[in-house]
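Please look over the sequence and the structure below before reading on. The report then takes up a few helices and single residues in turn.

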Amino acid sequence: MNSLFEKIFQLKEKKTTISTEVIAGCTTFLTMVYIIFVNPSILSVTGMDKSAVFVLTCVVTAFATILMGLFANLPIALAPAMGLNVFFAYGICGAMGYSWQVGMGAIFWGSLIFFALSLFKVRHWLIEHIPQCLRAGISAGIGLFIAFMGFQNMGIVVASQETLLTLGNILSLKVLLGSLGFFIIIILATRNFHAAVLVSILVVTLLALWLDPNISYQGIASVPPSVSSVVGHVDLAGSLNVGIMGVIFSVMIVSLFDSSGTILALTDKAGISDEKGRFPKMRQALLIDSFSSSLGGLFGTSSVLTYIESSAGISVGGRTGLTAVVVGLLFLLMTFLSPLAHLVPPYATSGALIFVGILMVSSLMKVNWSDLTDATPAFITALMMPFAFAITEGVALGFISYVVLKTLTGKFKELNLCVIIFALLFALKFIFIDHH
C-alpha cells in the first residue's frame with residue numbers, strides 16, 4: 001500500500017507521509033464541509049429539491065477533488081463556488097426571473113467557455129490583461145453581494161416602500177441566532193480555528209431545533225435520495241438566448257479570476273510554485289479546475305471552483321494529491337446524511353455568507369486609491385453589484401468606466417485590446433439588449 005501511494009503521489013519527493021496527508025485532508029474537509037449545508041439552502045430558493053442538491057453537492061465536490069488529487073497531485077479541493085451560487089439563486093433566478101433550469105444552463109455555458117479558455121491557453125492572457133483594480137472590484141463586489149444576502153436571510157435587512165431597505169426586527173429569533181452564528185465564526189477565525197464556519201452552523205442549528213417551532217428533527221442518516229428532480233433538467237438550449245449572454249459572460253469572468261487567483265495563492269502557500277507562479281502539472285490542474293466548473297453547472301450544483309479553504313490542510317502539512325483524495329472520500333460519506341440538509345435553517349448559514357463577504361471585500365486593499373482612474377472603476381464595480389442586485393451589471397459598468405476615464409484623462413496608453421473589447425461588448429449589451 002505504501003509503495004502504491006508513493007508511486008501515485010511521490011510522498012518522499014514532496015517530503016510528506018501518509019499520516020500527514022490524511023490529517024491534512026481531514027482538516028481541509030472540516031473547513032469546507034459547510035458548503036453541503038449552505039449550497040442547498042441557497043439553491044432551494046429557486047425551487048430546486050434541497051435533498052437532491054445536498055447529494056449532488058457532495059458527489060460533484062468529491063469527484064472534482066479526487067480528480068485534482070489523482071491527476072494533478074495537488075492538495076487542493078474544489079466545491080460549488082460561493083458567490084456564483086448566490087448570483088444564480090438571487091440574481092439570475094430571483095431578480096432576472098429565469099427558471100432554475102435556464103439559469104443553471106447559463107452557469108454551464110459560462111463555465112464551458114472558462115474550460116475552453118484553459119484548454120486553448122487563453123486563460124493566463126486574460127488574467128494578465130485585465131487591470132488589477134477591476135479584478136479587485138469584481139471580487140469585492142461579489143463579497144458585498146454575498147454579505148447582503150446573508151443580512152437578508154438573517155432578517156437584519158428587510159424591504160421598505162419608503163427607503164427601499166431598512167433595519168429589520170433585531171430582537172427576532174432568526175436575527176439573534178443568525179448574529180450569534182456570525183460572531184462565533186469571527187471569534188473562532190480570529191483564533192485560527194479552521195472549522196469555525198462548521199461549528200457556527202452546528203451551534204445555531206441545534207439552538208434552532210430547540211427554540212424555533214418551524215424546525216423539526218427528521219433524522220441524521222439515510223440512503224441518499226434520488227437526484228432525478230435535478231439531474232437531466234438543466235435547460236441548455238433555453239439558456240442560449242441573446243438576453244442571457246451577459247450572464248454567461250459574467251460567469252466566465254468570475255470563474256476566471258476567482259479560481260485562477262485561488263490556485264496561485266494555494267500553490268504558493270504549499271511552496272511548490274516558482275517566482276512566476278508556475279508549478280508541476282499546472283496545465284492538468286487548470287484543466288481539471290475549469291472542467292469541474294462546467295460539470296457543476298451540468299449537474300445542477302452551480303459552478304465548481306477551487307476552494308481557498310484548502311490552505312487549512314496545506315498549513316498542517318498537506319503537499320500532495322493524497323490530501324485531496326481524502327477530502328473527496330469524506331464528502332462521499334456525507335451523501336448518507338441528507339436529512340441534515342432540511343434541519344439547517346437559512347439563518348444558520350447567514351453568518352457564513354457575511355464572513356465570506358468580509359474576506360472577499362479585503363481585495364480592495366490592492367486598489368491604488370490615489371489614482372482616481374483606477375479607484376473609480378473599482379468602486380463602481382464593487383458597489384453596483386449589490387445596488388443593482390446583479391454581478392453582470394457591476395462588471396459591465398466597471399469595464400466601461402475604466403475605458404472612459406483612461407481615455408478622457410490622457411491615459412489611453414494604459415488601456416489594452418482586451419479591456420477595450422470587453423467594454424465595447426458590454427456597451428452594446430446595454431444599448432441593444434437591455435434597452436429592449
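What follows describes some helices, their packing and several individual residues in this predicted model.

**Helix H8**

H8 runs over residues 132-154 and has 23 residues. From its first C-alpha to its last, H8 reaches 33 Å, close to the 33 Å expected at 1.5 Å a residue. H8 is mostly covered, as 17 of its 23 residues are buried. The residue that follows H8 is Gly155, and its phi is positive, near 95°.

**How H8 packs on H18**

H18 is the helix of residues 391-408, and its axis lies 10 Å from that of H8. The packing angle of the two helices is about 155°. An angle over 145 degrees counts as roughly antiparallel, so H8 and H18 are roughly antiparallel to each other. Their crossing is right-handed. On the H8 side, the residues that meet H18 are Cys133, Leu134, Ile138 and Ile142. On the H18 side, they are Ile391, Val395, Gly398, Phe399 and Tyr402. Sorted by class, this contact of H8 with H18 has 8 nonpolar residues, 1 polar residue and no charged residues.

**How H17 packs on H18**

H18 also packs with helix H17, which covers residues 372-388. The axes of H17 and H18 come within 7 Å and cross at roughly 160°. That angle makes H17 roughly antiparallel to H18. The crossing of H17 and H18 is right-handed. From H17 the contact includes Leu372, Thr373, Asp374, Ile380 and Met384, among others. From H18 it includes Ile391, Glu393, Val395, Tyr402 and Lys406, among others. The residues of the contact of H17 with H18 divide into 11 nonpolar, 6 polar and 3 charged.

**Four single residues**

The table lists where four residues lie and how much of each is accessible.

| Residue | Place | Relative accessible area | Class |
|---|---|---|---|
| Ser294 | helix H12 (residues 282-298) | 5% | buried |
| Lys429 | helix H19 (residues 417-434) | 8% | buried |
| Lys281 | loop between H11 and H12 | 36% | partly exposed |
| Leu164 | strand S3 (residues 164-167) | 68% | exposed |

Why does Ser294 count as buried? Buried means under 20% relative accessible area, and Ser294 has 5%, so it is buried. Leaving aside its neighbours within four places in sequence, Ser294 is in contact with Phe108, Ser111 and Leu112.

Lys429 counts as buried too, because its relative accessibility is 8%, and the limit is 20%. How far is the C-alpha atom of Lys429 from that of Phe54? The two atoms are separated by 36 Å, and the residues are 375 residues apart along the chain.

Leu164 and Lys281 can be described by their phi values. Leu164 is not a glycine, yet its phi is positive, at about 70°. Leu164 counts as exposed because its relative accessibility is 68%, and exposed means over 50%. Lys281 is not a glycine either, and its positive phi is about 55°. Lys281 sits in the loop between helix H11 (245-269) and H12. With a relative accessible area of 36%, Lys281 is partly exposed.

Key:
Residues numbered from 1 in each chain as written. Predicted model: local features only at pLDDT ≥ 70, side-chain atom pairs only at ≥ 80, totals over all residues. Heavy atoms only, no water. Helix = DSSP H or I, 4+ residues; strand = E, 2+ residues; numbered from the N terminus. Expected span 1.5 Å × (residues − 1). Buried < 20%, exposed > 50% of the residue type's maximum accessible area, 1.4 Å probe, protein only. Axes fitted to C-alpha atoms, helices over the stretch in contact; angles between N-to-C directions. Parallel < 35°, antiparallel > 145°, perpendicular 65-115°, else oblique. Left-handed = near helix turned anticlockwise from the far one by under 90°. Contact = heavy atoms within 4.5 Å. Nonpolar A, V, L, I, M, F, W, Y, C, P; charged D, E, K, R; others polar.
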